[in-house]
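Biologist: Could you walk me through one part of this protein in close-up? I would like to follow it residue by residue, with the model open beside me.

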Amino acid sequence: MKVLIAGAGRLGTQIAQVLSAAHNDVTLVEYDDGRVAELEDLARVRLAHVRLLAGDACEPDLLERAGAFASDLVVAVTGRDEDNLVISLLAKRRFGVERVAARVNEAENAWLFDQRWGVDVAVPAATPLISLIEEATGATDTVALLRLSRAGVEVIETAITERSRAAGRALGEITLPAGTVVATVVRGGRPTVPGPGLRLLPGDELLLVSHEATEQEIHAAFQ
């Protein structure tokens, strides 16, 4: 699924992280250049597969560059209701996006967030992140990673490149941090049940589950 998220505050960033970890094609748009620069520092780990774009999502040209015409879902989660409404209307009316979700920051504006403004799913600001993503995507399986995280289990993703020291090595040859297991290896878009004899190749994406390890420790083990 191709997802365009407008607003890279904490909420928008969390949504991008969860949906990209579930192997969706995610673009995250943010008006504040400083915030984009801040997120670029995290891109190699938490937002490794998220496309970051600086600009005003209320501008049709920016939305077009962000891929609105090809998007299956647009999520407007800026801190301004008027911006979220404009983005929703453009997404639905100009770009024909099938599903549009928008965050309602001020309760008194909730009556505006309906199909007249292109909004399919209006989400109050107090809605938990899990519920927001479930409502926006129309599916519950995309938030399994977040459920594990809330339960105290961290799900961490890492990708194998030609420069990775794990490339060409079998899983059984790699020393993992304590309390960590490889949940799946995604190869060619297909998840593979990992065994110790599975040899890692450039392009492989690994999802690891850990009670203790940090992202940096996982990165060090494979990269």
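Modeller: Happy to! Please keep in mind that this is a predicted model. Let's start at Val100, which sits in strand β5. Val100 has a relative accessibility of 0%, so this residue counts as buried, the cut-off being under 20%. Its surroundings are worth a slow look: setting aside residues up to four places away in sequence, Val100 touches Val74, Ser88, Ala91, Lys92, Gly118, Val119, Asp120 and Val121. Take Asp120 from that list: 20 residues separate Val100 and Asp120 in sequence, yet their C-alpha atoms are 5.3 Å apart in space.

Now step back to Phe95, in the loop between α4 (81-94) and β5 (99-104). Phe95 belongs to the one aromatic pair that the structure holds. Its partner is Phe69, and the two rings meet edge-to-face, with 4.7 Å from centre to centre and 70 degrees between the planes. Because Phe69 lies in the loop between α3 (60-65) and β4 (73-76), the pair ties together parts that are 26 residues apart in sequence. The two partners contrast in their surroundings: Phe95 is buried at 5% relative accessibility, whereas Phe69 is exposed, with a relative accessible area of 52%.

One more stop, if you have a moment, is Asn24, found in the loop between α1 (10-21) and β2 (25-30). Asn24 counts as buried too, at 11% relative accessibility. The Asn24 side chain reaches the backbone oxygen of Leu19, at 2.9 Å.

Conventions:
Residues are numbered from 1 along each chain as its sequence is written. This is a predicted model: local features need pLDDT of at least 70, side-chain atom pairs count only at pLDDT 80 or more; totals for chains, interfaces and linings use all residues. Side-chain values use heavy atoms; hydrogens and water are left out. Rings of Phe, Tyr and Trp (its six-membered ring) pair if their centres lie within 6.5 Å; planes under 30 degrees apart count as stacked, over 60 as edge-to-face and the rest as tilted. Helices (H or I, at least four residues) and strands (E, at least two) are DSSP runs, numbered from the N terminus. Buried means under 20% relative accessible area, exposed over 50%, partly exposed in between (1.4 Å probe, protein chains only). Contact means heavy atoms within 4.5 Å. A polar contact is a pair of N or O atoms within 3.5 Å; within protein, one must be able to donate a hydrogen and the other to accept it, and residues adjacent in sequence count only if both atoms are side-chain atoms.
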